[in-house]
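The following account leads the reader through one protein chain, from its sheet and the helices beside it to the surroundings of a single side chain.

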Amino acid sequence: MVLLARVGAGVGLGAGLGGLGLGLGVGIGWFYSSVLLDTRRQPVYPERVLAAGNGTVTLDATRLAALPGTWGLRWTDGLAVMGPVVATPRGEVVRTLVGGPTPRPGTAAVLDTVPYDPDPSALGLDFLDVGVDTPLGPCPAWLVPASGDTWVILVHGRGGARREALRVLPAVHELGHTALVVTYRNDDGAPPSPDGRYHLGDTEWVDVEAAVRYALDAGARQVVLYGWSMGAAIIGALLERSELATAVTAMVWDAPLLDWRATLRQQARNRRLPLWLTPVATSITSRRIGIEFDRFDLVRRPPAVRPPTLLVHGTIDTAVPVGPSRDLAAAAPALGWQIRFIEMPDVEHTGAWNADPAAYEGAVRTFLTEVLR
């Protein structure tokens with residue numbers, strides 16, 4: 001009886017610890033889900049300026065500070081343009097400073113993929129502030145008119161802003177294409193979603209559909225959709241669900257989010273969370289916002305409409321893994337999907353333009369010239 005009592009106590013303790021572990025897992029999964037759906041933008045400045053002047057800026061040596069190419073360097077009240085790395089003395093990274101104000105030593109800063117502010121005028125482009133009527137109300141957009149009747153609609157990623165498109169607007173404009181740089185629900189100046197959360201493309205696509213309708217009503221003969229990161233997930237949902245999908249003639253996807261589960265596994269690794277928490281977080285997220293994650297696996301469930309696509313992805317993307325892009329490019333012939341895949345070595349998330357602006361813009365120009373009628 002003593003043995004039985006001890007076994008019973010052990011079972012009770014094990015069940016208690018198991019329940020505690022399950023509760024902890026659910027709690028962490030809920031927190032992970034909340035971070036994913038949070039629409040607040042909280043700037044973080046992880047880099048530190050050590051010195052600046054005479055056309056260079058010196059930063060603490062970090063992985064991001066040493067990324068190749070052209071980048072913005074942003075701090076609380078300034079934005080400068082940094083060129084390539086010119087030296088890497090011990091614990092430091094020295095880069096050229098090619099435009100904008102000079103930061104003071106000690107300034108906390110962040111590398112910005114977009115070295116321009118605040119709108120297309122920074123690039124010498126004339127534009128109009130317009131409103132795109134969506135089911136939740138008008139969403140602000142920049143309209144950069146051009147001579148042709150092809151419209152390029154540019155869609156930023158999660159937590160981003162319209163500024164993301166500034167890098168490629170000159171190339172689009174030189175081709176004679178009108179550009180519409182859109183916002184969607186929960187963006188600055190746009191209506192909030194009813195629950196105040198991101199829906200990861202599951203509802204945001206309706207706002208981009210409204211932008212396609214705006215372009216068509218304004219006389220667009222061809223429509224190109226251009227998306228970064230979650231912008232691609234939004235576009236993928238539009239191609240599957242919208243009655244206007246057949247109006248899309250071509251697409252450009254930069255570091256596209258093609259599989260939410262793969263992306264969340266990557267994010268879990270970044271946060272050093274156990275991978276078994278990913279299905280917990282996805283299950284909780286599905287219950288909170290009603291999303292079906294299977295619909296956002298574009299490799300296994302490609303959209304109904306598949307226009308010719310330029311797909312660009314960096315090999316060291318720590319935010320959205322390159323694997324699904326490789327898989328989609330490999331599967332494309334069997335899917336009847338014309339995809340031109342450019343894999344950029346040693347490039348971080350949405351940093352392909354930054355690594356080599358001339359090559360990137362050349363690839364975009366060549367692709368659009370070849371596929372548009």
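**Helices across the sheet**

Helix α7 (residues 323-335) lies across β12 (248-254), β13 (309-314) and β14, and it runs at about 150° to β14. The model in which this arrangement appears is a predicted one. A further helix, α9 (residues 357-371), lies across β11 (222-228), β12, β13 and β14, running at about 165° to β12.

The strands that these helices cross belong to an open sheet of eight strands with mixed pairing, in the order β7-β8-β10-β9-β11-β12-β13-β14. At its edges stand β7 (128-134) and β14 (339-344); each has a single partner strand, so one side of each is left without a neighbour in the sheet. From one strand to the next, the twist averages 20°. Within the sheet, strand β9 (residues 150-155) and strand β10 (residues 178-182) run parallel and are joined by four bridges. In this pairing, L154 stands opposite V181 in β10.

**A pair of packed helices**

Two packed helices are described by the angle between their axes and the distance between the axes. For helix α3 (residues 205-217) and helix α4 (residues 230-241), the angle is about 70° and the axes are 9 Å apart. Because angles of 65 to 115 degrees count as roughly perpendicular, α3 and α4 are described as roughly perpendicular to each other. On the α3 side the contact involves W205, V208, E209 and V212, which meet I234, A237, L238 and R241 in α4. By class, six residues of this contact are nonpolar and two are charged, with no polar residue.

**The surroundings of R74**

R74 lies in strand β3 (residues 71-75). Its side chain makes polar contacts with two aspartate side chains: that of D112, at 2.9 Å, and that of D117, at 2.8 Å. Beyond its neighbours within four places in sequence, R74 is in contact with Y45, L79, A108, A109, V110, D112, D117 and R163.

**The chain as a whole**

The elements described above are part of a protein chain with nine helices and 14 strands. Its C-alpha atoms fill a box of roughly 90 × 55 × 40 Å along the principal axes. How does the radius of gyration of the protein chain stand against that of a compact globule with 373 residues? Such a globule would have a radius of gyration near 21 Å, and the protein chain has 23 Å, which agrees.

Terms used:
Residues are numbered from 1 along each chain as its sequence is written. This is a predicted model: local features need pLDDT of at least 70, side-chain atom pairs count only at pLDDT 80 or more; totals for chains, interfaces and linings use all residues. Side-chain values use heavy atoms; hydrogens and water are left out. Axes are lines fitted to C-alpha atoms, for helices over the stretch in contact, and angles run from 0 to 180 degrees between N-to-C directions. Helices (H or I, at least four residues) and strands (E, at least two) are DSSP runs, numbered from the N terminus. Angles under 35 degrees count as roughly parallel, over 145 as roughly antiparallel, 65 to 115 as roughly perpendicular and the rest as oblique. Contact means heavy atoms within 4.5 Å. Ala, Val, Leu, Ile, Met, Phe, Trp, Tyr, Cys and Pro count as nonpolar, Asp, Glu, Lys and Arg as charged, and the others, Gly among them, as polar. Two strands pair if DSSP finds at least two bridges between them. A polar contact is a pair of N or O atoms within 3.5 Å; within protein, one must be able to donate a hydrogen and the other to accept it, and residues adjacent in sequence count only if both atoms are side-chain atoms. The radius of gyration is taken over C-alpha atoms; the globule rule is 2.2 Å times the number of residues to the power 0.38.
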